[in-house]
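What follows is a guided reading for someone who has not met this structure before. It begins with a single chain and goes on to the pairing of chains and the surface near DNA.

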2 protein chains.
Amino acid sequence: METRELRYFVAVAEDLHFGRAAQRLGIAQPPLSRAIRQLERRLGVTLLERTSRAVALTEAGAVLLREGRAALDSVDAADRRTRRAASGGPGLVLVTKAGAAADLLPGTLAGYAAQPGAVAVDVLLCGVGEQERLLRTGRADVALLHLPFDSVAGFDYEELGTQGQVAIVPAGHPSATLEKLTMAEAAALPGLPLPRWPNRDGSYPDGPGPQVRDTTQLLQLIALGRAAAVLPESCRLHLRADLATVPVPDAPPVTTVIAWPAHSRSLAVARLVRAAQAAMPRS
Amino acid sequence: METRELRYFVAVAEDLHFGRAAQRLGIAQPPLSRAIRQLERRLGVTLLERTSRAVALTEAGAVLLREGRAALDSVDAADRRTRRAASGGPGLVLVTKAGAAADLLPGTLAGYAAQPGAVAVDVLLCGVGEQERLLRTGRADVALLHLPFDSVAGFDYEELGTQGQVAIVPAGHPSATLEKLTMAEAAALPGLPLPRWPNRDGSYPDGPGPQVRDTTQLLQLIALGRAAAVLPESCRLHLRADLATVPVPDAPPVTTVIAWPAHSRSLAVARLVRAAQAAMPRS
DNA sequence: CCCGGCGATACCCGGCGGGTATTGATCCGG
DNA sequence: CCGGATCAATACCCGCCGGGTATCGCCGGG
């Protein structure tokens with residue numbers, strides 16, 4: 001099975017329309033039809049059920065869509081990492097959510113850079129839920145994630161530490177002076193709904209709160225009195241003056257982990273992981 | 001990057017000899033040379049350093065060898081799982097080490113099969129250290145592994161339980177009557193060396209003990225008085241009459257886990273995992 | 001110094017990927 | 001009930017590229 005065939009199939013399976021898929025791929029429709037048929041012939045499997053009005057995935061087609069995406073990600077990763085290994089660029093790319101993990105990132109980078117033989121480390125800040133794909137497609141080598149929000153499925157990782165969560169509210173809000181809040185109370189602050197984070201596919205759940213993609217956005221909204229949020233307590237380290245925090249003892253504790261692709265046995269990654277562990281306050 | 005190019009490169013990188021690699025691939029040498037050069041041109045990266053007498057990997061080449069193997073595994077997995085999804089075959093393939101996990105396998109299979117909508121489950125017994133590759137190449141969907149011996153790198157998993165280890169010795173051996181052994185004592189039983197298990201690449205470490213690939217082989221050797229072993233205590237359930245066990249309290253505890261590829265969100269896998277958890281004696 | 005091994009080059013051929021034009025089936029509006 | 005619109009499939013052509021054979025150039029060893 002060639003990656004071209006896989007790319008073609010994934011494109012068709014995604015919008016279930018040969019014409020549009022061909023356009024997206026930059027080829028004409030007939031060659032695309034033929035390529036898919038040939039793929040089906042070679043696999044000996046019907047992947048798509050086509051009537052002349054609609055295209056639908058068979059069960060096997062759904063499997064190939066899922067597995068094919070993963071395979072294409074791996075190929076992408078091989079391509080990108082090879083290019084990076086050659087073209088002197090950054091030796092490592094570390095990715096984390098914008099505005100999160102600010103507590104141990106400086107220490108980790110400094111601790112690693114101080115080691116003999118350390119390579120250049122690029123830091124990539126991305127929106128919520130994007131880290132996994134960046135790791136899987138080779139755009140990044142190592143990520144700082146927060147359990148239980150992010151998934152470490154498919155990666156090796158080391159736990160770095162656990163912290164409680166606090167509610168973030170506008171500084172002038174009545175609740176800012178409270179000693180503590182429960183999750184239920186934080187979710188029901190009048191006029192301050194909790195925000196909605198994107199699902200893995202980029203869509204947003206229904207609900208009253210504003211849609212947000214990163215912490216900076218969110219803090220801005222809170223300062224405007226449009227939302228409240230419950231975040232790991234380390235965010236207090238760099239909090240804006242117009243926001244206040246209230247502990248939420250019954251919120252689930254957040255574990256920060258450092259994760260990397262399982263087959264990456266690179267020395268540089270291993271050293272960076274050690275540096276991150278050393279940068280933890282109490283490890 | 002096409003999988004054909006990747007396959008070609010991996011072949012050359014593996015034996016560092018264009019002629020032999022071409023033979024293994026079933027093509028002539030010149031097209032192979034040309035394909036590699038073309039891959040290098042397209043990547044803009046030198047992968048191999050060739051003199052007319054020797055071929056060597058560059059640093060980038062080493063990266064592509066590692067990443068390329070992983071990518072090819074993913075593509076293989078997509079192929080195989082798609083074929084299986086279509087051609088009615090077994091719905092799930094569960095893999096475990098021959099002779100291990102015998103305690104909870106029957107209960108798991110029975111518990112799962114009793115559920116409505118259960119699909120056929122094939123059981124694949126393999127040698128030590130082979131499970132990971134079977135999972136990654138789509139030959140299996142779910143594996144029973146034993147930490148800390150096996151690696152769960154790159155997989156999702158659930159812990160099923162923890163057990164101590166016992167020494168296995170021939171029934172007539174003087175040590176068979178002891179109440180317990182330390183690891184050090186078990187390793188130094190006169191005339192009964194501990195066996196050598198294969199590394200991940202299939203090679204064996206140096207040492208005095210016999211080389212073994214699975215538990216059946218090992219038990220046979222112990223019965224012959226050629227070896228001793230330290231194994232999880234669940235192996236007592238189906239122990240041959242000519243063998244005896246002695247607890248080894250200071251051996252590291254063994255955790256049995258059920259693991260599956262991270263992106264496999266299949267309902268069947270989820271149900272089988274639940275059945276395995278339910279089959280545990282005290283979970 | 002010549003031979004043997006090995007990768008690169010030169011050259012040819014056939015198949016396949018891609019394009020255009022058209023057909024055929026199905027749904028929808030009048 | 002018919003005609004147009006939509007969309008995948010088919011037919012057919014072309015040029016590129018993957019594969020083969022023959023040969024060269026480089027280098028190390030006897």
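In this predicted model, a good place to begin is the pattern of contacts inside chain A, where, among contacts with a separation of 6 or more, 71% are between residues 24 or more positions apart. Chain A contains nine helices and 10 strands, and its C-alpha atoms occupy a box of roughly 65 × 55 × 25 Å when taken along the principal axes. Of the 283 residues in chain A, 38% are buried.

From one chain we can turn to the pair. Chain A can be superposed on chain B by a rotation of 180° with 0.0 Å of shift along its axis, and the RMSD of that superposition is 0.2 Å. The two copies are therefore related as by a two-fold rotation axis. Among the residues of chain A, the one that comes closest to this rotation axis is A:Gly154, whose C-alpha lies at 1.8 Å.

The contact between the two chains draws 32 residues from chain A and 31 residues from chain B. On the side of chain A that touches chain B, helix H1 (3-15) and helix H4 (59-86) each supply at least two residues, and H4(A) provides the largest share, 19 residues. Sorted by class, that side of chain A has 15 nonpolar, eight polar and nine charged residues. Because 97% of the interface residues of chain A are also interface residues in chain B, the copies meet through the same surface.

Helix H4 of chain B can be examined in its own right. It runs over residues 59-86, and at 1.5 Å a residue its 28 residues should span 40 Å, which agrees with the 41 Å that separates its end C-alpha atoms. H4(B) is mostly covered, since 21 of its 28 residues are buried, and it is followed by B:Gly88, whose phi is positive, near 40°.

There remains the question of which residues come nearest to DNA strand C. Of the 18 residues around that strand, the nearest are A:Ile27, A:Ala28, B:Phe18, B:Pro30 and B:Ser33. Helix H3 (29-43) of chain A, helix H2 (18-25) of chain B and helix H3 (29-43) of chain B each supply at least two residues of the surface near DNA strand C, and H3(A), with four residues, gives the largest share of that surface. By class, the residues of the surface near DNA strand C comprise eight nonpolar, seven polar and three charged.

Notes:
Residues are numbered from 1 along each chain as its sequence is written. Chains are lettered from A and ligands numbered from 1 in the order in which they are written. This is a predicted model: local features need pLDDT of at least 70, side-chain atom pairs count only at pLDDT 80 or more; totals for chains, interfaces and linings use all residues. The expected span of a helix is 1.5 Å times one less than its number of residues. A residue is buried if 20 or more other C-beta atoms lie within 10 Å of its own, exposed if 12 or fewer, and partly exposed in between; C-beta atoms are placed from the backbone. A residue is near a molecule or strand if its C-beta atom, placed from the backbone, lies within 6 Å of it. Ala, Val, Leu, Ile, Met, Phe, Trp, Tyr, Cys and Pro count as nonpolar, Asp, Glu, Lys and Arg as charged, and the others, Gly among them, as polar. Two residues are in contact if their C-beta atoms, placed from the backbone, lie within 7 Å. Copies are superposed by least squares on the C-alpha atoms of residues with pLDDT of at least 70 in both.
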